[in-house]
Amino acid sequence: MRLKLALFLAFIVFNGIQADCGCNKLKRGSENLERSESVQYNVKSPSENQWPDETPISGMSLIPGGKYTIGTSEPIFHADQESPEKIVEIGDFYLDKHEVSNDNFREFVDATGYITEAERFNDSFVFGEFLSESVREEFHDYRVVQAPWWYKVTGVNWRHPQGPDSSLEGIGNHPVVHVSWNDAMRYCAWQDKRLPTEAEWEAACRGGKKRKLFPWGNKLLPRDEHWMNIWQGEFPNVNTKEDGYESTCPVDKFRQNGFDLYNIVGNVWEWTADLWNKENPLSDKENPNPERVKKGGSYMCHQSYCYRYRCAARSQNTQDSSAGNLGFRCARSVD
Ligand SMILES: [Ca+2]
Ligand SMILES: [Ca+2]
């Protein structure tokens, strides 16, 4: 056990894990394996909004291109570069209404034989409360020092999301997790899709509204109801599950804006195509495993430490990283 602890501490030292909020920066090393205030949706008719005349695609929303205001002039996390607010111009595009589910991902794996990075590395990060007592005890020394609720556990992958002794039984319609950015890229390509850029993702999140915290407006609890799956209670010890879910929820549970998007905030973080260090990118040779932007927060986010379930919020992980609260949805360009 002492050897294991030493190895894991070495892993932390060499790879600089700084899980300051527990939502981000879980990374592998360079092993390189190889409403306005109302809750009414503000959906304009196509003629008012100049929506493109495109063929609908099952399961996807057509997001009209144009200029969108993203970011915020009132940042919560300065280090995340949520500010400044800026205007971006994007083209028409489609975005999956839902996060990619376990059933969706199984179709991909069955058709292609694809093996995820968590399977190849043979581990991934899991929230400790989900582990069985025996697994938690076995991997007690494999916790992230600054966020000890995260356990790096052997045998965890998308098929076994809450420990090697867990399964997908009953959660086929929940988001797939323990998928890296590289895995997400492969899945989307298989569907003749791609990952959304951060600008596309955030424009879609905002649902046509401007300068609002959430996809529907600024109220955390519109009509005193929960509109997203995050953490209620005291993180990380007490989850009162007032939104109905301790872990992930079905991908079609919370419809959040006029673009007909579900769980765009909350449930699981979502990979985007963008590099975190977009301004000064390194070559593939200089950094073969760069950090990528993720958006939307997860079921583990609470305002007290991870107020990142806002459209403007952002975080990052290295592109080979995976965890139990990180998934994705795909986009498709309009030709
Ligand atoms: Ca919840
Ligand atoms: Ca989400």
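Here a biologist and a modeller talk through a predicted model of one protein chain.

Biologist: Let's start gently: how many helices and strands are there in the chain?
Modeller: This is a predicted model, and buried residues make up 46% of its 335 residues. As for the elements you can pick out along the chain, the count is seven helices and 14 strands.

Biologist: What pLDDT does the chain average?
Modeller: Some stretches score low: over residues 1-20 the pLDDT stays under 50, and over residues 30-48 it is below 50. Where pLDDT is low, the predicted coordinates should not be read in detail. Still, 85% of the residues score at least 70, and the chain average is 89.

Biologist: Good to know! In what order do the strands of the open four-stranded sheet stand?
Modeller: Let's follow the partners. E10 pairs with strand E11 (residues 291-295) in the antiparallel sense over three bridges, and with strand E13 (residues 326-327) in the parallel sense over two bridges. The sheet has mixed pairing, and its order is E12-E11-E10-E13.

Biologist: Which strands stand at the edges of that sheet?
Modeller: Look for strands with a single partner strand. One side of each such strand is left without a neighbour in the sheet, so these are the edges: E12 (315-318) and E13.

Biologist: Which residue in E11 is the bridge partner of Leu-275?
Modeller: Let's walk through the bridges of E10. Glu-270 has its bridge partner in E13, namely Gly-327. Turning to E11, Trp-271 stands opposite Lys-294. For Leu-275, the bridge partner in E11 is Arg-292.

Biologist: How many of the seven residues of strand E10 are buried?
Modeller: Strand E10 covers residues 269-275 and is largely enclosed by the rest of the structure. That follows because the number of its residues that are buried is five.

Biologist: Now the helices. Which residues of helix H6 are buried?
Modeller: Helix H6 spans residues 181-190. Its buried residues fall within an arc of 155° seen down the axis, so they line one face of the helix. What covers them includes helix H3 (102-112), helix H4 (117-121), E10 and E11. The buried residues themselves are Trp-181, Asp-183, Ala-184, Tyr-187 and Cys-188.

Biologist: And helix H7: how many of its nine residues are buried?
Modeller: H7 runs over residues 198-206 and is mostly covered. Among its buried residues are Glu-198, Trp-201, Cys-205 and Arg-206. The number buried is eight.

Biologist: Which residue just after H7 takes a positive phi?
Modeller: Just after H6, Asp-192 takes a positive phi of about 60°. Just after H7, a positive phi of about 60° is likewise found, and the residue is Gly-207.

Biologist: Is Ile-230 buried or exposed?
Modeller: Ile-230 lies in the loop between H7 and strand E8 (233-234). A residue needs 20 or more other C-beta atoms within 10 Å to count as buried. Ile-230 has 25 such neighbours, so the word for it is buried.

Biologist: One last puzzle: how far apart in space are Ile-230 and Ser-298, C-alpha to C-alpha?
Modeller: Leaving aside neighbours within four places in sequence, the contacts of Ile-230 include Gly-297 and Tyr-299. Ile-230 and Ser-298 are 68 residues apart in sequence. In space, C-alpha to C-alpha, their separation is 5.9 Å.

Conventions. Residues numbered from 1 in each chain as written. Chains lettered and ligands numbered in written order. Predicted model: local features only at pLDDT ≥ 70, side-chain atom pairs only at ≥ 80, totals over all residues. Buried ≥ 20, exposed ≤ 12 C-beta atoms within 10 Å, placed from the backbone. Pairing = 2+ DSSP bridges. pLDDT = per-residue confidence, 0-100. Contact = placed C-beta atoms within 7 Å. Arc of directions from axis to C-beta.
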